[in-house]
Amino acid sequence: RIEQILRQVYPVNENNVDPELVESIRYPSLDKNAAEVFYRIISRNTSGPGVYIDDLLKKMDCPLLLCWGEYDPWIRPEAADKVESLYPNSKRVNIQAGHCPHDEAPEAVNKAIKDFMETNIIRQKP
């Protein structure tokens with residue numbers, strides 16, 4: 001079942017869904033507290049008050065890079081649209097990948113990070 005779900009979130013490059021990736025998901029699920037952790041993540045039941053993206057973005061004062069998997073079946077590109085509208089100092093790079101663009105398209109993600117750093121961080125230093 002884990003492999004089946006991973007194939008859904010790796011729609012561009014299913015070759016990354018290998019036994020090592022499946023095991024990296026399966027192994028933590030064997031922990032005695034795994035069900036509780038999973039429940040808290042899914043229900044957004046945090047140990048403190050809930051935090052919303054809107055509130056977090058209001059506190060930020062630095063450039064923000066969004067490397068967005070265009071084919072992510074879980075967090076659609078419309079979510080990136082919302083972040084961009086709430087935080088004008090963001091730059092979105094659409095990556096031809098699913099939920100894990102850093103794993104599915106590492107070259108594109110690395111290029112986006114490098115370009116972002118050169119434009120927003122390195123060149124701004126005195």
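Is Glu118 buried, partly exposed or exposed? I looked up its relative accessibility first, and Glu118 comes out as partly exposed, at 28%. The model I am reading is a predicted one.

**Entry: Glu118 and its partner**

I then checked what Glu118 pairs with. Its side chain meets that of Lys114 in a salt bridge, 2.9 Å from N to O. Both residues sit in helix H7, which covers residues 106-122. They are 4 residues apart there, so about one helical turn separates them. I noted the general rule: an α-helix has 3.6 residues a turn, so residues three or four places apart point the same way. Lys114 is partly exposed, with a relative accessible area of 48%. I also looked for salt bridges that share partners. Such bridges join Glu70, Asp81, Glu84 and Arg92 into one network.

**Entry: the rest of H7**

I stayed with H7 and asked where it bends. The bend is at Phe116 and comes to about 25°. Phe116 is also buried, as are Val109, Ala112 and Asn120 of H7. What do these buried residues pack against? I found strand S1 (64-69), strand S2 (90-95) and helix H6 (101-104).

**Entry: more salt bridges**

How many salt bridges does the structure hold? The count is 9. Side chains of opposite charge can pair when their charged atoms come close. I looked at two more of these pairs.

The first was Glu23 with Arg26, a salt bridge of 2.8 Å from N to O. Both lie in helix H2, 3 residues apart, so they are separated by about one helical turn. I read a relative accessible area of 32% for Glu23, which is partly exposed. Arg26 is partly exposed too, at 34%.

The second was Glu14 with Arg7. Here the closest N and O atoms are 3.5 Å apart. Glu14 counts as partly exposed, at 38% relative accessibility. For Arg7 the relative accessible area is 28%, which also makes it partly exposed.

**Entry: the largest pocket**

Next I turned to the largest pocket. It holds about 530 Å³ of space. Its lining is made of 18 residues. Which of them lie nearest the centre? I wrote down Ile2, Ile5, Ile25, Phe38 and Trp74.

I then sorted the lining by class. There are 15 nonpolar residues and 3 polar ones. No charged residue is in the lining.

Which helices supply at least two residues each of this lining? They are helix H1 (2-9), helix H2 (19-26) and helix H3 (34-43). H3 gives the most, with 5 residues.

**Entry: the loop between H2 and H3**

Last, I looked at Leu30. Its place is in the loop between H2 and H3. Is Leu30 buried or exposed? Its relative accessible area is 54%, so Leu30 counts as exposed. I also took its distance to Arg76. The two are 46 residues apart in sequence. In space, their C-alpha atoms are 30 Å apart.

How values were computed. Residues are numbered from 1 along each chain as its sequence is written. This is a predicted model: local features need pLDDT of at least 70, side-chain atom pairs count only at pLDDT 80 or more; totals for chains, interfaces and linings use all residues. Side-chain values use heavy atoms; hydrogens and water are left out. On a 1 Å grid over the protein atoms alone, a cavity is a set of points where a 1.4 Å probe fits but cannot get out, and a pocket is an open set with protein on both sides within 12 Å along at least five of seven lines; lining residues have an atom within 4 Å of a point. Grid points are joined across faces, edges and corners, and a volume is the space filled by probe spheres set on the points. Ala, Val, Leu, Ile, Met, Phe, Trp, Tyr, Cys and Pro count as nonpolar, Asp, Glu, Lys and Arg as charged, and the others, Gly among them, as polar. A salt bridge is a side-chain nitrogen of Lys or Arg within 4 Å of a carboxyl oxygen of Asp or Glu. Buried means under 20% relative accessible area, exposed over 50%, partly exposed in between (1.4 Å probe, protein chains only). The bend at a residue is the angle between axes fitted to the seven residues ending there and the seven starting there. Contact means heavy atoms within 4.5 Å.
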